[in-house]
Amino acid sequence: MSGNKNRDVIIIGGGPAGLSCAIWLKKLGLAPVLLEASDRLGGLQTRSPYENLWIPGVQGRTGQEVAASLAAHADALSVEVRINTPALWVSEDGLAMQTDAGFLFAPYLVLATGSTPRAGRFRPAANVAIGPGAAMEALEVRGRKVAILGGGDNAFDQARFVRDRGGQVTIVSRKAPRAQKLLQNMITDVRVVIGDYTADQVGMTVNGESFDAFGVMYGFEAVVPEGLDLRRLDGYIDVDRFGATSVPGVYACGEVTNYWHPCVTTAAAHGVQVAKQISLILAR
Ligand SMILES: Cc1cc2nc3c(=O)[nH]c(=O)nc-3n(C[C@H](O)[C@H](O)[C@H](O)COP(=O)(O)OP(=O)(O)OC[C@H]3O[C@@H](n4cnc5c(N)ncnc54)[C@H](O)[C@@H]3O)c2cc1C
């Protein structure tokens with residue numbers, strides 16, 4: 001059991017929301033511990049080799065550099081971080097949590113577990129990328145036929161990147177594409193097939209037509225640890241303006257919640273708001 005040490009807050013998830021929450025809790029004089037399931041901090045930003053153009057005041061940095069910068073900030077403040085440590089289960093009251101190394105206890109819990117690309121019935125492979133970013137960039141596309149499945153912003157963005165890397169790309173969307181017109185207009189030369197389709201990963205075909213690679217762009221879904229019975233909205237954890245969930249003492253921030261306009265700036269701000277709220281309650 002590893003629950004003896006006194007900690008004020010356990011944060012699950014080391015993306016922009018969880019890291020920002022941890023950084024602020026530490027600055028506010030509290031002792032958080034942050035658990036990250038993967039082998040690195042930064043969340044979805046670790047998948048982005050592209051320049052992040054959306055953070056006010058930050059220019060010329062890729063998503064992966066933004067991830068590294070957030071991790072370095074937490075490190076400089078000596079935030080207690082455990083990577084390769086998935087929270088496997090959380091008790092119904094949110095006070096106990098199970099990891100591979102045993103149980104952890106704290107009076108406050110912050111869920112910052114983010115979201116993950118929907119895979120549909122596909123699985124990641126050398127010729128199948130699930131979601132945008134590093135997995136797509138790892139696909140060999142030059143001179144090859146690539147089907148991008150989906151009709152949202154990411155589908156059109158990734159189709160453009162594949163085209164620019166010399167791939168022969170086709171976007172396949174069940175419904176009329178919902179991507180921003182701006183993105184659609186950037187690739188008017190790309191073939192777009194609209195309508196119901198059958199895609200087969202084993203045979204690498206879409207409606208019987210052969211492809212060399214698939215990019216699956218089916219959007220994202222919330223990642224919520226097992227155990228807690230939290231009120232949800234469209235699959236995302238429902239929180240109030242302070243980040244409080246339907247379970248007392250359990251907070252959530254960033255893309256795992258139903259907050260407005262997910263991106264790094266808002267995820268970080270959400271983490272900061274939750275940190276401030278918990279510090280105010282603990283000070284009473
Ligand atoms: C390819 C790509 C490019 C992007 N580009 C931009 C951009 O240019 N600008 C921008 O602002 N936004 C961009 N985004 C979106 C941005 O990355 C997200 O909005 C942001 O990362 C959300 O932060 P988060 O902390 O809420 O969640 P996440 O980043 O999803 O982090 C959640 C973390 O929780 C961990 N976790 C999940 N479950 C558990 C568990 N049980 N135990 C422990 N840890 C767990 C995950 O491993 C992950 O590290 C991009 C996203 C992608 C995929």
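User: Happy to be looking at this with you! Which residue in β6 is the bridge partner of T99?

Analyst: Glad to help. In this predicted model, the bridge partner of T99 in β6 is G102. Another facing pair is M97, which stands opposite L104 in β6.

User: How do you know that β5 and β6 count as paired strands?

Analyst: Two strands pair if at least two bridges are found between them. Strand β5, residues 96–99, and β6 have four bridges in the antiparallel sense, so they meet that cut-off. The two strands form a hairpin, with two residues between them.

User: What makes β4 and β6 the edges of the sheet?

Analyst: The sheet is open, with three strands in the order β4-β5-β6 and antiparallel pairing. β4 (89–90) and β6 (102–105) each have a single partner strand, so one side of each is left without a neighbour in the sheet.

User: Let's turn to Q277. Why is Q277 called buried?

Analyst: Buried means under 20% relative accessible area. Q277 has 13% relative accessibility, so Q277 counts as buried. This residue is found in helix α6, residues 264–283.

User: Which residues is Q277 in contact with, leaving aside its neighbours within four places in sequence?

Analyst: Those are F242 and Y251. Contact here means heavy atoms within 4.5 Å.

User: Where does UniProt place the feature "domain: FAD/NAD(P)-binding"?

Analyst: The UniProt record, an unreviewed entry, places that feature at residues 8–271. In the model, the chain over residues 8–271 is 21% helix and 25% strand, and the end C-alpha atoms of that stretch are 16 Å apart.

Definitions and conventions. Residues numbered from 1 in each chain as written. Predicted model: local features only at pLDDT ≥ 70, side-chain atom pairs only at ≥ 80, totals over all residues. Heavy atoms only, no water. UniProt positions renumbered as here; feature names shortened; annotations may be inferred. Buried < 20%, exposed > 50% of the residue type's maximum accessible area, 1.4 Å probe, protein only.
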